[in-house]
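Student: I'd like to go through this model feature by feature. Could you start with how to read the surface, and then work inwards?

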Amino acid sequence: MAKGDLVCTSQGTAIYDRPVGVNDQVGALDAVMGFVQKGQTCVVLSDPDDWKATPLIDWSTPWSRVLLGGRVVWVKSHFLVPLVQPTDDVVY
């Protein structure tokens, strides 16, 4: 996924104000901003490697910064799927 892509959540997941390491449970509790349902639409605001610039103890999985429900949040990238597939027909 690239910056500007329209995507949706593939399952219900937590959203965060920053990426969190897989072993950082305290950080995860401090950074959690809520929970979203499967199928929530959002716009990707980050480039694929932007999450690596955040201080993490370990890099477990990629993260994406998205605009979701009027808030800018971080979501694990594997919970996001494109709404438009390359094979979709476009009608003008």
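Tutor: Sure. Accessible areas come from the Shrake-Rupley method with a 1.4 Å probe. Here the chain's accessible surface comes to about 5800 Å², and 55% of that belongs to carbon and sulfur atoms. Keep in mind as we go that this is a predicted model.

Student: What share of the 92 residues in the chain is buried?

Tutor: Buried residues make up 33% of them.

Student: And which elements does the chain have, in what order from the N terminus on?

Tutor: There are 1 helix and 7 strands. Reading from the N terminus, you get β-β-α-β-β-β-β-β. Contacts tell you about the fold too: of those with a separation of 6 or more, 60% are between residues 24 or more positions apart.

Student: Let's move inside. How should I think about a nonpolar core?

Tutor: The general idea is that in soluble globular proteins, nonpolar side chains tend to be buried together. In this chain the largest nonpolar core has 11 residues: V7, I15, V36, C42, V44, V66, L68, V73, V75, F79 and L80. Strands β4, β5 and β6 (71–76) each supply at least two residues of this core. Another core, of 8 residues, lies apart from it, and V20, A31, W51 and W74 are among its members.

Student: Which residues is V66 in contact with, leaving aside its neighbours within four places in sequence?

Tutor: With that filter on, V66 touches C42, V43, V44, L45, R71, V72, V73, V75 and L80.

Student: C42 is on that list. Where is C42 placed, and why does C42 count as buried?

Tutor: C42 sits in strand β4. C42 counts as buried because its relative accessibility is 2%, and the cut-off for buried is under 20%. Again leaving out neighbours within four places in sequence, C42 is in contact with D5, L6, V7, V66, L67, L68 and L80. For a sense of spacing, C42 and R65 are 23 residues apart in sequence and 9.8 Å apart in space, C-alpha to C-alpha.

Student: How many aromatic pairs does a search of the whole structure find?

Tutor: The search finds 1. Y16 and W63 form an edge-to-face pair, 5.4 Å centre to centre with 80° between the planes. The pair links distant parts of the chain, with Y16 in strand β2 (residues 13–16) and W63 in strand β5, 47 residues apart. Both Y16 and W63 are buried.

Student: W63 makes me look around the loop between β6 and β7. Is S77, in that loop, buried or exposed?

Tutor: S77 counts as buried because its relative accessibility is 14%. Beyond its neighbours within four places in sequence, S77 is in contact with M1, P62, W63 and S64.

Student: What about charges? How do I read a salt bridge?

Tutor: Side chains of opposite charge can pair when their charged atoms come close. A search of the whole structure finds 2 salt bridges. D47 forms one with K3, and the closest N and O atoms are 3.8 Å apart. That pair links distant parts of the chain: D47 is in the loop between β4 and β5, K3 is in the segment before β1 (6–9), and they are 44 residues apart. D47 has a relative accessible area of 35%, so D47 is partly exposed. K3, at 49% relative accessibility, also counts as partly exposed.

Student: Which residue forms a salt bridge with K52?

Tutor: That's D49, with the closest N and O atoms 3.9 Å apart. K52 is partly exposed, as its relative accessible area is 36%.

Student: K3 also touches L45, doesn't it? Where does L45 lie, and which residues is L45 in contact with?

Tutor: L45 lies in the loop between β4 (41–44) and β5 (63–68). Setting aside neighbours within four places in sequence, L45 contacts K3, R65, V66, L67 and V72. L45 has a relative accessible area of 34%, so L45 is partly exposed.

Student: Back to the surface, then. Which residues form a nonpolar patch there?

Tutor: L6, L83 and V84 do, with about 260 Å² of accessible area together. L83 is placed in the segment after β7 (80–82), and L83 counts as partly exposed because its relative accessibility is 35%.

Note on methods: Residues numbered from 1 in each chain as written. Predicted model: local features only at pLDDT ≥ 70, side-chain atom pairs only at ≥ 80, totals over all residues. Heavy atoms only, no water. Patch = residues over 30% accessible without salt bridge, like charges linked within 9 Å, V, L, I, M, F, W, Y side chains within 5 Å. Salt bridge = Lys/Arg side-chain N within 4 Å of Asp/Glu carboxyl O. Helix = DSSP H or I, 4+ residues; strand = E, 2+ residues; numbered from the N terminus. Buried < 20%, exposed > 50% of the residue type's maximum accessible area, 1.4 Å probe, protein only. Contact = heavy atoms within 4.5 Å. Phe/Tyr/Trp six-rings, centres within 6.5 Å; stacked < 30°, edge-to-face > 60°. Core = buried A, V, L, I, M, F, W, Y, C linked by side-chain atoms within 4.5 Å.
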